[in-house]
Amino acid sequence: MTQLVSPDLIRDKFSKAMSLMYQQEVPQYRTLLHIVKEVNERYLLAHPQTFATLDKEQELNRLDVERHGAIRLGTAEELATMRRLFAVMGMLPVSYYDLSAAGVPVHATAFRAVEESSLQYNPFRVFTSLLRLDLIEDAKLREQVEQILARRAIFTPRVLELMATNDKQQGLTADQAEEFVAEALKTFQWHSEAQVDVATYQSLLEQHRLIADVVSFKGPHINHLTPRTLDIDSVQQRMPDYQIVPKESIEGPPRRRVPILLRQTSFKALSEKIVFTDSIEGRHTARFGEIEQRGLALTPQGRALYDQLLQQPAEGDSDAAARFAAFPDDEETLRQQKLGYFRYRLVAERLPVETASREHLNTLLQQGIIEARPIIYEDFLPVSAAGIFQSNLGSERGAVSKGNPNKAAFEQALGRQVIDEFSLYQQLEDNSLAEIFDGR
Ligand code: OOG
Ligand code: NI
């Protein structure tokens, strides 16, 4: 019998290989990793209670390996095959993100692990966008784009074979996994040779910088990798010391005592030399680095409050803090008002017989018999994502129309429905309670 390895292992190897590749291709990313490591170490010294004692080792390991990346695809077929490629590594499409409302002609999902143990092992995620050709107004250019994209093959023949093997065997052997990682990585590599001539590139650029980025190259180069920090303000502040120019402001909620959702910032994309098919040299800016700080995953009520506060007009950072004053900022209130998801755990030896059921949860928490810890947000925020896109694409909008979300079209291209993020968090919370009260 063939011995198969776990998809978690393949994802772990892949994310590490990707990080090494990106460190070589974009040296500023290596510097960023260094700053993040230092800031995280300092933070943990000052806040030793950050992780529950029981999980400490796992959490520290997770923090070390944790990152996300992003790619932009051109066709439905590319997206459907990408779904199969990520499935080999246990990464499934979670959530639908519409960025067209912000003038970015893409919609997206995030491929990620969904099981608790898999997330703990390595939560590597890839924000994956699909270009929305329907939002290109110039019909002639749209047709040209379709033709150019139809000609390219972004996956190596060998990785396609290995994907078929994976489907047939329901997994890969260690040797196959190793080859898969090396072959899959090729799809995400940078190509300095464009697949269009300079005139075509210019006309794509005039439509939208993003369209030029997706269409002009042989593959969907990884455009950033993002380590997770425990103190994003510190990292933002330090970047200039290392000659890295950060984006002006941090996306997402303001600094708080209890971090919620996701805060992100990036450094500006590099200007890189490329060669067009007519041998003319040019420059392209696409690849950048980003950092993120993750906090409590919000329930639908919590998220609605976040979205509402985010929409209130504000200028500057102090206003942002004032705007979010209406959002409770201590764990117990957030929990009691059901604004966020929590993981419960029995810390005493056993439950007292007389209060061994769910209706005594609050008492058990007060008595310190059970503890509640925030469940960390694993997903993305469309408004923040649009901010990240824009800071790297330049603020010019180009000639694309504002679109509406079209989840059905996205899922059609993907070949399946996206998973609802809220139900995943709910399940984590429910499982933790079942383990305590139902012995499961
Ligand atoms: C993706 C931008 C979105 C994030 O962290 O929100 C993103 C892109 O620029 O392709 O990665
Ligand atoms: Ni990102």
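Accessible areas come from the Shrake-Rupley method with a 1.4 Å probe, and for residues only the protein chains shown count as cover.

**Figure 1. The whole chain of the predicted model.** The accessible surface of the chain comes to about 19700 Å². Carbon and sulfur atoms contribute 49% of this surface. Of the 440 residues, 55% count as buried. Along the principal axes, the C-alpha atoms fill a box of roughly 80 × 65 × 40 Å. A compact globule of 440 residues would have a radius of gyration near 22 Å, and the value for the chain, 23 Å, agrees with this expectation. The secondary structure consists of 18 helices and 11 strands. Among contacts with a separation of 6 or more, 75% join residues that are 24 or more positions apart. The chain carries 50 positive and 62 negative side chains, and the centres of these two sets lie 1 Å apart.

**Figure 2. The site of the nickel ion (ligand 2).** Three residues coordinate the nickel ion at 2.1 Å: His 68 through NE2, His 224 through NE2 and Glu 290 through OE. In sequence, these donor residues follow the spacing H-x155-H-x65-E. Two of the donors, His 224 and Glu 290, link distant parts of the chain, being 66 residues apart. His 224 belongs to strand E5 (residues 224–227), whereas Glu 290 belongs to strand E9 (residues 288–294). Are these two donors buried or exposed? His 224 has a relative accessibility of 5% and therefore counts as buried, since buried means under 20%. Glu 290, at 1% relative accessibility, also counts as buried.

**Figure 3. Two residues with positive phi in the loop between helix H11 and strand E6.** The loop that contains Gln 243 runs between helix H11 (232–238) and strand E6 (262–267). Phi of Gln 243 is near 60 degrees, a positive value in a residue other than glycine. Gln 243 is exposed, because its relative accessible area is 68% and exposed means over 50%. Leu 261 is found in the loop between H11 and E6 as well. Its phi is also positive, near 50 degrees, and Leu 261 is likewise a residue other than glycine. Leu 261 is buried, however, with a relative accessible area of 1%.

**Figure 4. The surroundings of Pro 254.** Pro 254 lies in the loop between H11 and E6. With a relative accessible area of 12%, Pro 254 is buried. Which residues does Pro 254 touch, not counting those up to four places away in sequence? Its contacts are Arg 263, Ala 320, Ala 321 and Phe 324. The C-alpha atoms of Pro 254 and Gln 169 are separated by 48 Å, and these two residues are 85 residues apart along the chain.

**Figure 5. Ala 322 and its separation from Pro 254.** Ala 322 lies in helix H13, which spans residues 316–323. The relative accessible area of Ala 322 is 51%, so this residue is exposed, the cut-off being over 50%. Pro 254, by contrast, is buried at 12%. Along the chain, Ala 322 and Pro 254 are 68 residues apart, and their C-alpha atoms are separated by 9.2 Å.

Note on methods. Residues numbered from 1 in each chain as written. Chains lettered and ligands numbered in written order. Predicted model: local features only at pLDDT ≥ 70, side-chain atom pairs only at ≥ 80, totals over all residues. Heavy atoms only, no water. Helix = DSSP H or I, 4+ residues; strand = E, 2+ residues; numbered from the N terminus. Rg over C-alpha atoms; globule rule 2.2 N^0.38 Å. Buried < 20%, exposed > 50% of the residue type's maximum accessible area, 1.4 Å probe, protein only. Contact = heavy atoms within 4.5 Å. Lys, Arg positive; Asp, Glu negative; His and termini not counted. Charge placed at Lys NZ, Arg CZ, Asp CG, Glu CD. Donors = N, O, S within 2.8 Å, 3.2 Å for Na, K, Ca; no water.
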